[in-house]
Amino acid sequence: MVVLLAGTAATLMLSGYFSDRVSGFAALATTETIPESHVHMRFRRGPRASGDLYDRKLEAGMVALVQQDYRKASETLEELFTEHPESSETAAYLGVAFYLSGDDSDRTKAILAQGAQDMQPIISRTATWFLANSCLRSDDIYSAAQLLRTLDPSQINDMYGRWSVELLRRIQDIQNP
């Protein structure tokens, strides 16, 4: 019996059955960057004090994200995060830059998890959305689904909530063909 199961598993792996399922989940992960509205909402307060380097660097990193220049965003935001490792806001957008650069490492997930702890829903929900997608791309479907469920649109009706409902539906479609 064990030999039969092992043989069946080997046949399925060689035939690509498991790799198709894995790539099917990974293919669901977002490639979209943050919307420009994130930058406008964060920096709409008007002129900043000329000495506010934190805000200038954060804005430059966020603008680079919007423009899909993930290398520049990563460099700018990592420098800022090194200066302010306690900043969940910086962590959120740095994690997004890493994710969109194709990095699904444990470090990226830890940085996104720090961003998900931010008190401002726009920041925490952004980090949670990208963390869920990183888990999905890393084949951790359980964690991805758990994170997506926290973005319940009945609590806050935003794009991440609506997208999470759709992504959960698509995950279930693959799991239960």
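Biologist: Let's start with Trp-163: is this residue buried, exposed or partly exposed?
Modeller: Keep in mind that this is a predicted model. Trp-163 has a relative accessible area of 34%. Buried would need a value under 20% and exposed a value over 50%. Since 34% falls in between, the label for Trp-163 is partly exposed.

Biologist: Okay, and how many aromatic pairs does the count come to?
Modeller: Two aromatic rings pair if their centres lie within 6.5 Å. Going by that rule, the number of aromatic pairs is four.

Biologist: What kind of aromatic pair do Trp-129 and Tyr-160 form?
Modeller: Their rings are 6.0 Å apart, centre to centre, and the angle between the planes is 35°. Under 30 degrees would count as stacked and over 60 as edge-to-face. An angle of 35° fits neither, so this pair is tilted.

Biologist: How many residues apart in sequence are the parts that this pair ties together?
Modeller: Look at where each partner sits: Trp-129 is in helix H8, while Tyr-160 is in helix H10. The pair therefore ties together parts of the chain whose separation in sequence is 31 residues.

Biologist: Is Tyr-160 buried or exposed?
Modeller: The relative accessible area of Tyr-160 is 3%. The cut-off for buried is under 20%, so Tyr-160 counts as buried.

Biologist: Why is the pair of Trp-129 and Trp-163 given the label it has, and what is that label?
Modeller: Here the ring centres are 5.6 Å apart and the planes meet at 50°. That angle is neither under 30 degrees nor over 60, so the pair is called tilted.

Biologist: Which helix holds the Trp-163 end of that link?
Modeller: This pair links distant parts of the chain, 34 residues apart. Trp-129 is in helix H8, and Trp-163 is in helix H10.

Biologist: Which residues form one aromatic cluster?
Modeller: Trp-129 is in a pair with Tyr-160 and also in a pair with Trp-163. Put together, the cluster is Trp-129, Tyr-160 and Trp-163.

Biologist: Zooming out, what pattern does the protein follow along the sequence?
Modeller: The secondary structure comes to ten helices and zero strands. Reading along the sequence therefore gives helix after helix, with the pattern α-α-α-α-α-α-α-α-α-α.

Biologist: Which helix gives the largest share of the largest nonpolar core?
Modeller: That core has 47 residues, and Leu-65, Phe-130 and Leu-136 touch the most other members. Several helices each supply at least two residues, among them H2, H4 and H8. The largest share, nine residues, comes from H6.

Biologist: Leu-136 came up there, so which residue of helix H10 (159–175) with the name Ile does Leu-136 touch?
Modeller: Leaving out residues up to four places away in sequence, Leu-136 touches residues including Phe-25, Ile-141, Leu-167 and Ile-171. Helix H10 covers 159–175. The Ile touched by Leu-136 within that range is Ile-171.

Biologist: What about helix H5: which helices do its buried residues pack against?
Modeller: Helix H5 runs over residues 70–83 and reaches 20 Å, close to the 20 Å expected. Its buried residues are Tyr-70, Ala-73, Ser-74, Thr-76, Leu-77, Leu-80 and Phe-81. They pack against helices H4, H6 and H7.

Biologist: With which side chain does Asp-104 make a polar contact of 2.6 Å?
Modeller: Asp-104 is in the loop between H6 and H7. One polar contact, of 2.8 Å, joins its side chain to that of Ser-134. The contact of 2.6 Å is with the side chain of Arg-137.

Biologist: And which residue has its backbone nitrogen 2.8 Å from a polar atom of the Asp-103 side chain?
Modeller: Asp-103 is also placed in the loop between H6 and H7. At 29% relative accessibility, Asp-103 counts as partly exposed, and it touches Phe-98, Thr-108 and Arg-137, not counting residues up to four places away in sequence. The backbone nitrogen at 2.8 Å belongs to Ser-105.

Biologist: Last one: how far apart are the C-alpha atoms of Gln-175 and Gly-24?
Modeller: Gln-175 is found in helix H10 and counts as partly exposed at 36% relative accessibility. Along the chain, Gln-175 and Gly-24 are 151 residues apart. In space, their C-alpha atoms are separated by 10.0 Å.

Definitions and conventions: Residues are numbered from 1 along each chain as its sequence is written. This is a predicted model: local features need pLDDT of at least 70, side-chain atom pairs count only at pLDDT 80 or more; totals for chains, interfaces and linings use all residues. Side-chain values use heavy atoms; hydrogens and water are left out. Helices (H or I, at least four residues) and strands (E, at least two) are DSSP runs, numbered from the N terminus. The expected span of a helix is 1.5 Å times one less than its number of residues. Buried means under 20% relative accessible area, exposed over 50%, partly exposed in between (1.4 Å probe, protein chains only). Contact means heavy atoms within 4.5 Å. A polar contact is a pair of N or O atoms within 3.5 Å; within protein, one must be able to donate a hydrogen and the other to accept it, and residues adjacent in sequence count only if both atoms are side-chain atoms. A nonpolar core is a set of buried Ala, Val, Leu, Ile, Met, Phe, Trp, Tyr and Cys residues joined through side-chain atoms within 4.5 Å.
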